[in-house]
Amino acid sequence: MIYGSGLRSGFANTDHLPSYTQVNAGVSREFLFPGWTKPTTVRFDVVNLFDKIYEIRDGSGIGVFAPQFGPRRGFFAGISQKI
């Protein structure tokens with residue numbers, strides 16, 4: 001889980017954005033296939049599990065010219081083997 005208290009915003013950075021949370025989840029499993037001497041790991045991850053849309057910065061303030069949002073939900077899978 002990621003928590004952000006909200007970046008500064010507004011004229012001369014006198015305001016701040018609302019806080020936000022992002023929940024991530026992942027699972028991995030290690031397999032040893034017959035005839036192989038080293039294990040293989042299979043992994044699956046979900047970023048932003050609940051697909052919450054939140055603003056990291058709104059484009060106001062000093063030196064900031066564009067709004068930025070947190071990542072949308074993403075699914076990632078991977079396979080790795082020890083060497």
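How many helices and how many strands does the secondary structure of the chain come to? The count is 0 helices and 9 strands, where helices (H or I, at least four residues) and strands (E, at least two) are DSSP runs numbered from the N terminus.

Before you click around, two notes. This is a predicted model, in which local features need pLDDT of at least 70 and side-chain atom pairs count only at pLDDT 80 or more, while totals for chains, interfaces and linings use all residues. Residues are numbered from 1 along each chain as its sequence is written, and side-chain values use heavy atoms, with hydrogens and water left out.

**Stop 1: the whole chain**

Show the full chain as a cartoon. Starting at the N terminus, the elements run β-β-β-β-β-β-β-β-β. Along the principal axes, the C-alpha atoms fill a box of roughly 65 × 25 × 15 Å. The radius of gyration is 20 Å, whereas a compact globule of 83 residues would have one near 12 Å; this radius is taken over C-alpha atoms, and the globule rule is 2.2 Å times the number of residues to the power 0.38.

Now switch on the surface. The chain exposes about 6,300 Å², and 61% of that is supplied by carbon and sulfur atoms; the areas come from the Shrake-Rupley method with a 1.4 Å probe, and for residues only the protein chains shown count as cover. Buried residues make up 22% of the 83 in the chain. Here buried means under 20% relative accessible area, exposed means over 50%, and partly exposed lies in between.

**Stop 2: the three-stranded sheet**

Next, select residues 25-31, 40-47 and 74-81, which are β5, β6 and β9. They form an open sheet of 3 strands in the order β5-β6-β9, with antiparallel pairing. Two strands pair if DSSP finds at least two bridges between them. β5 and β6 are paired over 7 bridges, and 8 bridges join β6 to β9. Strands of a sheet pair through backbone hydrogen bonds, either parallel or antiparallel.

Which strands stand at the edges? They are β5 and β9, each with a single partner strand, so one side of each is left without a neighbour in the sheet. From one strand to the next, the twist averages 10 degrees, using axes fitted as lines to C-alpha atoms (for helices over the stretch in contact) and angles from 0 to 180 degrees between N-to-C directions.

**Stop 3: Thr40**

Select Thr40 in strand β6. Is Thr40 buried or exposed? Thr40 counts as buried, because its relative accessibility is 6%. Leaving aside neighbours within four places in sequence, Thr40 is in contact (heavy atoms within 4.5 Å) with Arg29, Glu30, Phe31, Phe33, Ile79, Ser80 and Gln81.

**Stop 4: the aromatic rings**

Now show the side chains of Phe, Tyr and Trp. The structure holds 4 aromatic pairs; rings of these residues (for Trp, the six-membered ring) pair if their centres lie within 6.5 Å, and planes under 30 degrees apart count as stacked, over 60 as edge-to-face and the rest as tilted. Phe33 and Trp36 make an edge-to-face pair, because their ring planes stand at 65 degrees, with the centres 5.0 Å apart. Phe33 is partly exposed at 36% relative accessibility, and Trp36 is partly exposed at 46%.

Then select Phe44 and Phe75. This pair is stacked, with 6.2 Å from centre to centre and 15 degrees between the planes. Phe44 lies in β6 and Phe75 in β9, 31 residues apart, and the pair links distant parts of the chain. Phe44 counts as partly exposed at 39% relative accessibility, while Phe75 is exposed at 54% relative accessible area.

Stay on Phe44 and look at the neighbouring strands. Phe44 is the bridge partner of Val27 and stands opposite Ala77 in β9. Phe75, in turn, is the bridge partner of Val46.

One last group of rings is worth selecting: Phe31, Phe33 and Trp36 form one aromatic cluster.

**Stop 5: two spots outside the strands**

Jump to Ser5, in the loop between β1 (2-4) and β2 (8-9). Not counting neighbours within four places in sequence, Ser5 is in contact with His16, Leu17, Pro18 and Ser19.

Finish at Lys82, in the segment after β9. Lys82 is partly exposed at 48% relative accessibility. Beyond residues up to four places away in sequence, Lys82 touches Glu30, Lys38 and Pro39. Try the distance tool from Lys82 to Gly70: their C-alpha atoms are separated by 33 Å, and the two are 12 residues apart along the chain.

Conventions. Buried means under 20% relative accessible area, exposed over 50%, partly exposed in between (1.4 Å probe, protein chains only).
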